[in-house]
Amino acid sequence: MEKYAQVEDGADGARYPFWALVRDDLWVLDRGEDLVLTSRGQRPTLESLDRFDPAGGLREDDYSLLQAHPEAAASVAAGLILRYFYPLPPNLLREFGLHELLTGRWADALRPQLGETFKDRDAIWRAYGGQKMAGIGCLADGILSAFSDEKGPYNDSRIPDTNWIAYVGDGLSGDPKITDGNELMAEYQAAGRPLRYWHKPYQGQFSFETWAVITQRRFRWGRGADKEWRREFHWILAPVPSPERETWPADVLEALDADTGTLYDDTDSYHPGDVDPKARDTSESDEDAYRRLTQNAEANAKRRGQLKKPSLADRFVRDASARAAVIRRSKGDCESPECAGHPKELTTAGNPILQVDHVQDLAKEGSDVPWNMIALCPNCHALKTYGVNREKLRRLLAAVAKRLHAQALR
Ligand SMILES: [Zn+2]
């Protein structure tokens, strides 16, 4: 504990881990009944420990179980290591003879396993315990889970061009605080510790979709459960194949290294009124607003372009002011001149059914600025993505986006 868990002496230290085990009925102490407890009865006094120097160990049946079943032992070791000793110190596994036990076994050792599916949160709780309802919380093994429900109040999303996830933090309305689930997320972010990401598609079931690590935290505008605009945390999650760091892709490790825990605040660079006409400040003209947003987007693009070693997060987390500029420019209509008809029905959040897309993809070195972006209805977006004439359409839209951009600034 001293060497690997950064245990300090003191009231809250893990100085008496065995006592917690004794209380949980997992550890048996020879002459335990002779020990004198501290005045609050929380643990034995040092003096009495010195006097009796009790021997102890696992309960006989537990010891036999772990001896006879390496899978059970691996599961216990993997769970404890992930919970208390992450990031894993280089020599810990070897020094304790756990290396052989765990090599290639991490993923299988920990339950639930990837892909396990449950009808609802209640069923997960019955199988694996822990907290029952919050969107962010630990299962009984103490390892953090982030739950994403497409029918729920949070607008979590996959970031285009990557499989990364922008996960909206805890807090149903009003500005969020670093408490509860957000506090746990911040701890995991600081430690680079893997968490479980659960996803429930619309009308589907909850499944343990992937292990993930947090590579960034941002502030964005979003609507609370009360439909009012408020700031939200967006935790940028990078999926990883297993909780074992050795299996993580290089670009994920780079993003973790690059992350200093800074909160990137995007809420200065656009207003709720830029994406929601009902929240609009009428004293500002459309042209002024478009110019303001474009300037912010271009300044952000320039700053990101100057990074010596941009991480995946820097390259693919889309700029909120650029998107807001295009939403304003579109006035709620599909911008494709070949549009066969744009459905006017609004989304449940009250927004036009529009997708803001890059004409030249970010993955192909396209810029994250309004003149390279276009607002499309779902039909036109599908034509641009999958249509047999998509290359021709893309060239047309490239010219249209530049023209609409110039018009909006005129
Ligand atoms: Zn259209």
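**Exercise 1. Strand S7 and its partners**

Task: In this predicted model, work out which way the side chains of strand S7 (residues 165–168) point, and whether they are buried or exposed.

Solution.
Step 1. Start with the general pattern. In a regular strand, side chains alternate between the two faces of the sheet.
Step 2. Apply the pattern to S7. Ile165 and Tyr167 point one way. Ala166 and Val168 point the other way.
Step 3. Check burial. All of these S7 residues are buried.

Task: Which strands pair with S7, and in what sense?

Solution.
Step 1. Take strand S6 (residues 157–158). S6 runs antiparallel to S7, and 2 bridges join them. Arg158 has Ile165 as its bridge partner in S7.
Step 2. Look at the turn. The hairpin of S6 and S7 has 6 residues between the strands. Asp161 in this hairpin takes a positive phi near 75°.
Step 3. Take strand S10 (residues 229–240). S10 and S7 pair in the antiparallel sense, over 4 bridges. Tyr167 finds its bridge partner in Trp235 of S10.

**Exercise 2. Strand S8 between S5 and S9**

Task: How many residues of strand S8 (residues 195–200) are buried?

Solution.
Step 1. The cut-off for a buried residue is 20 or more other C-beta atoms within 10 Å of its own.
Step 2. In S8, 5 of the 6 residues are buried, so the strand is largely enclosed by the rest of the structure.

Task: Does S8 run parallel or antiparallel to strand S5 (residues 144–149), and which sense holds for S9?

Solution.
Step 1. S5 and S8 run parallel, joined by 5 bridges. Ser145 is bridged to Arg196 of S8.
Step 2. S8 and S9 run antiparallel, also with 5 bridges. Here Trp198 stands opposite Phe208 of S9.
Step 3. The S8–S9 hairpin has 5 residues between the strands. Within it, Gln203 has a positive phi near 60°.

**Exercise 3. The enclosed helix H14**

Task: Which residues of helix H14 (residues 320–330) are buried, and what do they pack against?

Solution.
Step 1. Count. The tally is 11 of the 11 residues, so H14 is largely enclosed by the rest of the structure.
Step 2. Name some of them. The buried set includes Ala320, Ser321, Val326 and Ile327. Arginines are in it too, namely Arg323, Arg328 and Arg329.
Step 3. List the surroundings. Among the strands packed against are S9 (206–223), S12 (355–358) and S13 (373–376). Among the helices are H11 (272–275), H12 (286–305) and H16.
Step 4. Look past the end of H14. Lys331 follows, with a positive phi near 50°.

**Exercise 4. The crossing of H15 and H16**

Task: Describe how helix H15 (residues 378–386) meets helix H16 (residues 390–409).

Solution.
Step 1. Two packed helices are described by the angle between their axes and the distance between the axes.
Step 2. The axes of H15 and H16 come within 7 Å and cross at roughly 120°.
Step 3. Classify the angle. Roughly perpendicular covers 65 to 115 degrees, and roughly antiparallel starts over 145. H15 and H16 are therefore oblique to each other.
Step 4. Name the contact residues. H15 supplies Leu383, Lys384, Thr385 and Tyr386. H16 supplies Arg390, Leu393, Arg394 and Leu397.
Step 5. Sort them by class. The contact holds 4 nonpolar, 1 polar and 3 charged residues.

**Exercise 5. Two residues, Arg23 and Gly79**

Task: Is Arg23 buried or exposed? What is the C-alpha to C-alpha distance between Arg23 and Asp368?

Solution.
Step 1. Arg23 lies in helix H1 (residues 17–23).
Step 2. Arg23 has 11 C-beta neighbours inside 10 Å, so it counts as exposed.
Step 3. Asp368 is 345 residues from Arg23 in sequence, and their C-alpha atoms are 57 Å apart.

Task: Which residues does Gly79 touch, not counting those up to four places away in sequence?

Solution.
Step 1. Gly79 sits in helix H4 (residues 70–84).
Step 2. With 19 other C-beta atoms within 10 Å, Gly79 is partly exposed.
Step 3. Its contacts are Leu110 and Asp141.
Step 4. Trp106 is 27 residues away along the chain, with 9.1 Å between its C-alpha atom and that of Gly79.

**Exercise 6. The whole chain**

Task: What are the domains of the protein chain, and how many helices and strands are there?

Solution.
Step 1. The domain assignment gives domain 1 (17–109), domain 2 (113–267) and domain 3 (274–286 + 318–410).
Step 2. The C-alpha centres of domain 1 and domain 3 are 58 Å apart.
Step 3. The protein chain has 16 helices and 13 strands.
Step 4. Its C-alpha atoms fill a box of roughly 85 × 45 × 45 Å along the principal axes.
Step 5. Of the 410 residues, 30% are buried.

Definitions and conventions. Residues are numbered from 1 along each chain as its sequence is written. This is a predicted model: local features need pLDDT of at least 70, side-chain atom pairs count only at pLDDT 80 or more; totals for chains, interfaces and linings use all residues. A residue is buried if 20 or more other C-beta atoms lie within 10 Å of its own, exposed if 12 or fewer, and partly exposed in between; C-beta atoms are placed from the backbone. Two strands pair if DSSP finds at least two bridges between them. Axes are lines fitted to C-alpha atoms, for helices over the stretch in contact, and angles run from 0 to 180 degrees between N-to-C directions. Angles under 35 degrees count as roughly parallel, over 145 as roughly antiparallel, 65 to 115 as roughly perpendicular and the rest as oblique. Two residues are in contact if their C-beta atoms, placed from the backbone, lie within 7 Å. Ala, Val, Leu, Ile, Met, Phe, Trp, Tyr, Cys and Pro count as nonpolar, Asp, Glu, Lys and Arg as charged, and the others, Gly among them, as polar. Domain bounds come from an automatic or database domain assignment.
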